[in-house]
Amino acid sequence: QKITKRIRRNINTKRYCTTRPIIPYDITPMQVIYKASELAEISPKDTFYDFGCGDGRWVTTVSGITGCKSKGFEIDEYWANIAKENVKNNKLCDFVQIVEGDAFDHDFSNATVVALYGIEDLIPDVKRKLLKEMKDGTRVISVKFPFQNWEYKHKVKMFEFYMYIYEFPIRTTQTKEELFSYDSKIYKR
C-alpha cells in the first residue's frame, strides 16, 4: 500500500457548521486495520464505510485486500484530498469513493461494515445514527472506544488499541426506551 506522507496540522472545517466536537486526525496502524478487517469478516460483497477516513488508509486497505466497495467520509478538506490521492495512487478509483463533508450529513443505510476510530466524544451521536440507519447483519468496527451497553462480538487488543466488533441487531443491557423507543434493532437481554 502506498500511503502519502502524513503531516499533523489543524483541522480545516471552516466550510462546515457543526455543534459536535471535531476529532483530530490520528493514525491507525496497518496491523490494526488488517486484524479488524479479518474479525469483521469483510468480503467482496460488502460495502465498507469509514466514518472519518483521514488519509484513506482504511478504505484503500479494505478495498485493496477484499475487493469490496468503500466510501470514506472526511470533514477536513486537506485530509480528504490526501485520501483521494491515496485512492488514485493505489488504482482503486473503481472501488473507493472519498466524500468531503460531515459523515453525519450522509446516509449510511447502504453500508454493511462501518469503521470508526477514536471518537469517544461522538459515541452518543454515532450510536443514534447507526441505530437509525443500519440493517441487520451490518458490522461496526470501533477502534479505541466501545459503545457503552452494547454487546460486542469481538474485543481484541493490539498495541495500545482495543478493537470492538459489533453486529446488528445489537444486543444491549438498556431498554428500548433508554435508547430509542421507536428502534426495532435493539433487543434487551
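R128 is partly exposed in this predicted model, with a relative accessible area of 40%. Its partner is D125, with which R128 forms a salt bridge whose closest N and O atoms are 2.7 Å apart. D125 is partly exposed as well, at a relative accessible area of 25%. Both residues belong to helix α4, where they stand 3 residues apart, or about one turn of the helix.

A second salt bridge in this helix joins the side chains of K129 and E133, at 2.9 Å from N to O. These two residues are 4 residues apart in helix α4, and therefore about one helical turn separates them. An α-helix has 3.6 residues a turn, so residues three or four places apart point the same way. Here the partners are covered: K129 counts as buried because its relative accessibility is 6%, under the 20% cut-off, and E133 counts as buried at 16%. Helix α4 spans residues 123-133, and E133 lies within this range. The side chain of E133 also reaches the backbone nitrogen of F108, at a distance of 2.6 Å, so that this buried residue, at 16% relative accessibility, takes part in the salt bridge with K129 as well as in the contact with the backbone of F108.

A search of the whole structure finds 6 salt bridges, including the three set out below.

| Salt bridge | N to O distance | Relative accessibility of the partners |
|---|---|---|
| D125 and R128 | 2.7 Å | D125 25%, R128 40% |
| K129 and E133 | 2.9 Å | K129 6%, E133 16% |
| E167 and K153 | 2.9 Å | E167 30%, K153 43% |

The side chains of E167 and K153 meet in a salt bridge at 2.9 Å, N to O. This pair links distant parts of the chain, for E167 belongs to strand β7 (residues 161-167) while K153 sits in the loop between β5 (139-143) and β6 (154-158), 14 residues away. E167 is partly exposed at a relative accessible area of 30%, and K153 is likewise partly exposed at 43%.

The aromatic residues give a further set of contacts, and the structure holds 14 aromatic pairs. In one of them, the rings of F51 and F104 have their centres 5.1 Å apart and their planes at 75°, so the pair counts as edge-to-face. F51 comes from the loop between β1 (47-50) and α2, and F104 from the loop between β3 and β4, so the pair ties together parts that are 53 residues apart in sequence. F51 is buried at 9% relative accessibility, and F104 is buried with a relative accessible area of 18%. Y78 and W79 form another edge-to-face pair, with 5.0 Å from centre to centre and 85° between the planes; in this pair Y78 is partly exposed at 25%, whereas W79 is buried at 2%.

F51 and F104 also belong to one aromatic cluster together with Y49, F73 and F108. Two members of this cluster have backbone nitrogens that are approached by acidic side chains: that of F108 is reached by the side chain of E133 at 2.6 Å, and that of F104 lies 3.0 Å from a polar atom of the side chain of D102. D102 is placed in the loop between β3 (96-100) and β4 (113-117), and D102 is buried, with a relative accessible area of 9%. Elsewhere, the charged end of K69 sits over the ring of F95, 5.4 Å from the centre of that ring.

Helix α2 (residues 57-66) is mostly covered, with 8 of its 10 residues buried. Among the buried residues of α2 are R57, W58, V59 and T66. The helix is followed by G67, whose phi is positive, near 85°.

Taken as a whole, the protein has 5 helices and 9 strands, which run from the N terminus in the order α-β-α-β-α-β-β-α-β-β-β-β-α-β. Buried residues make up 50% of its 189 residues. The accessible surface of the protein comes to about 9,600 Å², and carbon and sulfur atoms account for 48% of that surface. Of the contacts between residues at least 6 apart in sequence, 64% join residues at least 24 apart; the aromatic pair of F51 and F104, which ties together parts 53 residues apart, spans such a separation.

Notes:
Residues are numbered from 1 along each chain as its sequence is written. This is a predicted model: local features need pLDDT of at least 70, side-chain atom pairs count only at pLDDT 80 or more; totals for chains, interfaces and linings use all residues. Side-chain values use heavy atoms; hydrogens and water are left out. Buried means under 20% relative accessible area, exposed over 50%, partly exposed in between (1.4 Å probe, protein chains only). Contact means heavy atoms within 4.5 Å. Accessible areas come from the Shrake-Rupley method with a 1.4 Å probe; for residues, only the protein chains shown count as cover. A polar contact is a pair of N or O atoms within 3.5 Å; within protein, one must be able to donate a hydrogen and the other to accept it, and residues adjacent in sequence count only if both atoms are side-chain atoms. A salt bridge is a side-chain nitrogen of Lys or Arg within 4 Å of a carboxyl oxygen of Asp or Glu. Rings of Phe, Tyr and Trp (its six-membered ring) pair if their centres lie within 6.5 Å; planes under 30 degrees apart count as stacked, over 60 as edge-to-face and the rest as tilted. A charge sits over a ring if NZ of Lys or CZ of Arg is within 6 Å of the ring centre and within 35 degrees of the ring normal.
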